[in-house]
Amino acid sequence: MVPPLALDIDGTLTTPDHRIDPRAFELLPDWDAPIVFATGKAFPYPVALAHFLGREETVIAENGGVAYVDGETTVVGDPDAARAVVEAFRERGGEVGWGDGDTVNRWRETEVACSPDADEALLREVAAAVDDVEVVDTGYAYHVKSTGVSKGRALGVVTDALGLAADEFVAVGDSENDVSTFEVAGESYAVANADDAAREAADEVVSEGFMDGTASVLDRLRERAE
Ligand SMILES: O=C(O)COP(=O)(O)O
Ligand SMILES: [Mg+2]
C-alpha cells in the first residue's frame, strides 16, 4: 500500500514559473491513499485543485488557518490582528502589492498575504509590535498570521477526522511553512528548491527541484509499496 500524502502546492507541485506541473494530473488522481493538499494559499485554491484532480476535497489552506475534511471546516487564528498589522503597514507607506482586485486575499479568512515585492523590513517591524502575530516567508508571499497556527497542527485535525495518525503520512514541501508538517509527518522530503528552514526540517532533501523532486519521491514510494 502506498502511504497517505501531505503535499504542499507552490514550489512542490508547480513548475518554476508557478504553473501546476502537468504530472500532478498523471500521478495524483489514482494515488491509492488519502492526499491532503496543504498550502499557504486561500481556501478555494486547494479545493479547486482537489476537485479538478478528481480527489476528495481534503485540504489545509492559509498555512493551517483553514482545514477542510469530510465536509467539516475548521478555522483558527485571529484575522483582526493580522489585518490590523497590514493596515498599520499601509499607513506607514507599505503596499500589499497584488494590484487591483487582489484575488490573493479576497477569500482569505484568517491571515493576510503580502507580495514578495512588499517591503519586508517594514512589514516585520510593524508585525513585531503586535503580540501573537508573525510573518512567514514562503518565497511566494509574506503571510501575516497568528502564531501557533500551522499546517502541522491542521494536519492533526485532518488526520483525526480521517481516522489516521499524522505519522502515517509522507510530506513533501519547499518552505518555512512546511516545517510544521515535516515535524508531525512520519517521513518528510524537501524538494531541491526548498529554503533553508525546510531543508533543515526534512528527513531528506531530494536532488531534483519542484515537481521533478516530488515525482521522484512518489516513484520511490510506489516502488516501495510493490
Ligand atoms: O501561498 C504561498 O505563499 C505558498 O503556498 P504553498 O504553501 O502552497 O507553497
Ligand atoms: Mg510551498
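**Exercise 1. The hairpin of β7 and β8**

Task: In this predicted model, determine which residue in the hairpin of β7 and β8 takes a positive phi, and how many residues lie between the strands.

Solution. Step 1: locate the two strands, β7 at residues 133–137 and β8 at residues 142–146. Step 2: inspect the connection, where four residues stand between the strands. Step 3: read the backbone angles; G139 has a positive phi near 90°. Step 4: establish the pairing. β7 and β8 run antiparallel and are joined by five bridges. Within this ladder, V136 of the hairpin stands opposite H143 in β8.

**Exercise 2. The sheet that contains the hairpin**

Task: State the order in which the three strands form the open sheet, and identify which helices pack on the sheet.

Solution. Step 1: follow β8 to its other partner. Three bridges join β8 to β6, and these two strands also run antiparallel; Y142 in β8 is the bridge partner of C114. Step 2: assemble the order, which is β6-β8-β7, with antiparallel pairing in an open sheet. Step 3: assign the edges. β6 (112–114) and β7 pair on one side only and are the edge strands. Step 4: describe the twist; on average, neighbouring strands are turned by 25° against each other, direction ignored. Step 5: add the helices. Helix α3 (residues 79–91) packs on the sheet with contacts to β6, β7 and β8, and its direction makes about 135° with that of β8. Helix α4 (residues 120–128) likewise touches β6, β7 and β8, its direction making about 155° with that of β7.

**Exercise 3. The eight-stranded sheet**

Task: Give the order of the eight strands in the open sheet, and explain why one side of each edge strand is left without a neighbour.

Solution. Step 1: trace the strands in the order β5-β4-β3-β2-β1-β9-β10-β11; the pairing is mixed. Step 2: examine the ends. β5 (72–75) and β11 (204–205) each have a single partner strand, so one side of each lacks a neighbour in the sheet. Step 3: take one pair as an example. Strand β2 (residues 35–38) and strand β3 (residues 59–61) run parallel and are joined by two bridges, with A38 opposite I60 in β3. Step 4: place helix α5 (residues 151–162), which packs on this sheet and touches β1 (5–7), β2, β3, β4 (66–69) and β5. The direction of helix α5 makes about 20° with that of β4.

**Exercise 4. Domains and ligand 1**

Task: Explain why ligand 1 lies between the two domains.

Solution. Step 1: divide the protein chain into domain 1 (5–75 + 149–225) and domain 2 (79–146). Step 2: relate the domains. Their centres, taken over C-alpha atoms, are separated by 24 Å, and 16 residues of domain 1 contact 14 residues of domain 2. The side of domain 1 that touches domain 2 comprises six nonpolar, six polar and four charged residues. Step 3: list the shell around ligand 1, namely D8, I9, D10, G11, T39, G40, K41, T138, Y140, A141, S175 and N177. By class, this shell has three nonpolar, six polar and three charged residues. Step 4: conclude. Both domains give residues to the shell, so ligand 1 lies between them.

**Exercise 5. Confidence of the model**

Task: State what mean pLDDT the protein chain has and what the model scores in ipTM and pTM.

Solution. Step 1: the mean pLDDT of the protein chain is 98, and 100% of its residues reach 70 or more. Step 2: the model scores ipTM 0.99 and pTM 0.97.

Methods
Residues are numbered from 1 along each chain as its sequence is written. Chains are lettered from A and ligands numbered from 1 in the order in which they are written. This is a predicted model: local features need pLDDT of at least 70, side-chain atom pairs count only at pLDDT 80 or more; totals for chains, interfaces and linings use all residues. Two strands pair if DSSP finds at least two bridges between them. Axes are lines fitted to C-alpha atoms, for helices over the stretch in contact, and angles run from 0 to 180 degrees between N-to-C directions. Two residues are in contact if their C-beta atoms, placed from the backbone, lie within 7 Å. A residue is near a molecule or strand if its C-beta atom, placed from the backbone, lies within 6 Å of it. Ala, Val, Leu, Ile, Met, Phe, Trp, Tyr, Cys and Pro count as nonpolar, Asp, Glu, Lys and Arg as charged, and the others, Gly among them, as polar. Domain bounds come from an automatic or database domain assignment. pLDDT is the predictor's confidence in each residue, from 0 to 100.
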